[in-house]
Amino acid sequence: MEMMVLSMEILNSTFLEEFWWRISKMSECKLFFMKYPENNENANRYVEVLYEVFQYFTNCFTAINPLDKKSLVLLGLATYSYKRVIEIHEHNLYNSIAARSSIRTVIENYIMMKYLIKAEESQDDIWEKYQMYGVGLYKVVVARFRDTENDLPESHVDYKYLEILVNEMMDERYLDMDTSYFDKQNIRDKAILVGEKELFGLYYDYDSSFEHGLWGAIRESSLLKCNSPAHQYHCVPDFENKQNLKSVWPDCISTMNNTIKILNEFFALPESLLNEVMKFDK
């Protein structure tokens, strides 16, 4: 009966808005924020060991089979992940928004490596297809640049260099510009196929919110909560950058070490070096 009576009540919304506006003017915001620790113990040593690991992998590649496309693609993906991880370390980005973009990339690269290895069972040319897809996307960008009337000299994109890269493997006239997602499957399908559905669901999807600027990520990282009932507990922009996020470093180590395990199957690390890098993943 109480709910029914309330639903029948005629509200004066104009009065209520005026009431809360005046009440809010009578007090200051009481802002609070979360402050997470960096949680990056032994980061210096881990990065040093990573350097030794990738130095070994690279030496093996150049000494054994420097023309092997499979080895090049796997090492390229892993090295890109490695560079994203050391950027987090060198620029102290552990608790930052940018770090979530980096760990998302490291996770996607790991899933892609597992997927390409599995896809090789049915597609011998999967390694070249992967390369051509990426270069084809660069060709699209270069073509758009040629269609513009601006030189864009201050742009962060070096279009002339991109043009060189597009023609590196073959004349661009013979390069397909198919912009559909590689191998017609999205990253979620690939993750499920290689047994990484949980990694995708618990981490990649979450980090994608930061990559795309979705409201959940904005609310968590860029807005502070006001603890004043007079302000209806509203949110205020964090222009002083007081709010940080949980450190991505433990997840960087875990995913990077899983990546190293894949490479270890093709370029066997010395046992002492493998054990040294794996001990950080605890």
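Okay, one definition before anything else: when I say partly exposed, I'm talking about a residue whose relative accessible area falls between the two cut-offs, buried being under 20% and exposed being over 50%. And please keep in mind that what you see above is a predicted model.

Let's put that definition to work on N92. Is N92 buried, exposed or partly exposed? Its relative accessibility is 45%, so N92 counts as partly exposed. You'll find N92 in the loop that runs between helix 4 (69–90) and helix 5 (97–119). The backbone there does something to look at, too: N92 isn't a glycine, yet its phi is positive, near 55°.

Now hop over to N42. Here again we have a residue that is not a glycine with a positive phi, this time about 60°. N42 sits in a loop as well, the one between strand 1 (31–32) and helix 3 (43–64). As for accessibility, N42 comes out at 54%, so this asparagine counts as exposed.

Let's zoom out. How many helices and strands does the protein chain have? Twelve helices and three strands. The radius of gyration is 25 Å, well over the 19 Å that the globule rule gives for 282 residues, so the chain is more spread out than a compact globule. If you draw a box around the C-alpha atoms along the principal axes, you get roughly 80 × 55 × 45 Å.

What about the inside? Of the 282 residues, 38% are buried. Looking at contacts with a separation of 6 or more, 75% of them join residues that are 24 or more positions apart.

And the outside: the chain exposes about 17700 Å², with carbon and sulfur atoms supplying 54% of that. On charges, there are 30 positive and 44 negative ones, and their mean positions lie 3 Å apart.

Last stop, the cysteines. How many disulfides does the count come to? Zero. Take C29: the closest cysteine sulfur belongs to C226, and at 4.1 Å that's too far for a bond, because a disulfide needs the two sulfur atoms within 2.5 Å. C29 is partly exposed, since its relative accessibility is 35%. C252, on the other hand, is buried, with a relative accessible area of 0%.

So, if you want places to click on in the viewer, try N92 in its loop between helix 4 and helix 5, then N42 in the loop before helix 3, and finally C29 with C226. That's it from me, thanks!

Conventions
Residues are numbered from 1 along each chain as its sequence is written. This is a predicted model: local features need pLDDT of at least 70, side-chain atom pairs count only at pLDDT 80 or more; totals for chains, interfaces and linings use all residues. Side-chain values use heavy atoms; hydrogens and water are left out. Buried means under 20% relative accessible area, exposed over 50%, partly exposed in between (1.4 Å probe, protein chains only). Helices (H or I, at least four residues) and strands (E, at least two) are DSSP runs, numbered from the N terminus. The radius of gyration is taken over C-alpha atoms; the globule rule is 2.2 Å times the number of residues to the power 0.38. Contact means heavy atoms within 4.5 Å. Accessible areas come from the Shrake-Rupley method with a 1.4 Å probe; for residues, only the protein chains shown count as cover. Lys and Arg count as positive and Asp and Glu as negative; His and the chain ends are not counted. The place of a charge is taken as NZ of Lys, CZ of Arg, CG of Asp or CD of Glu.
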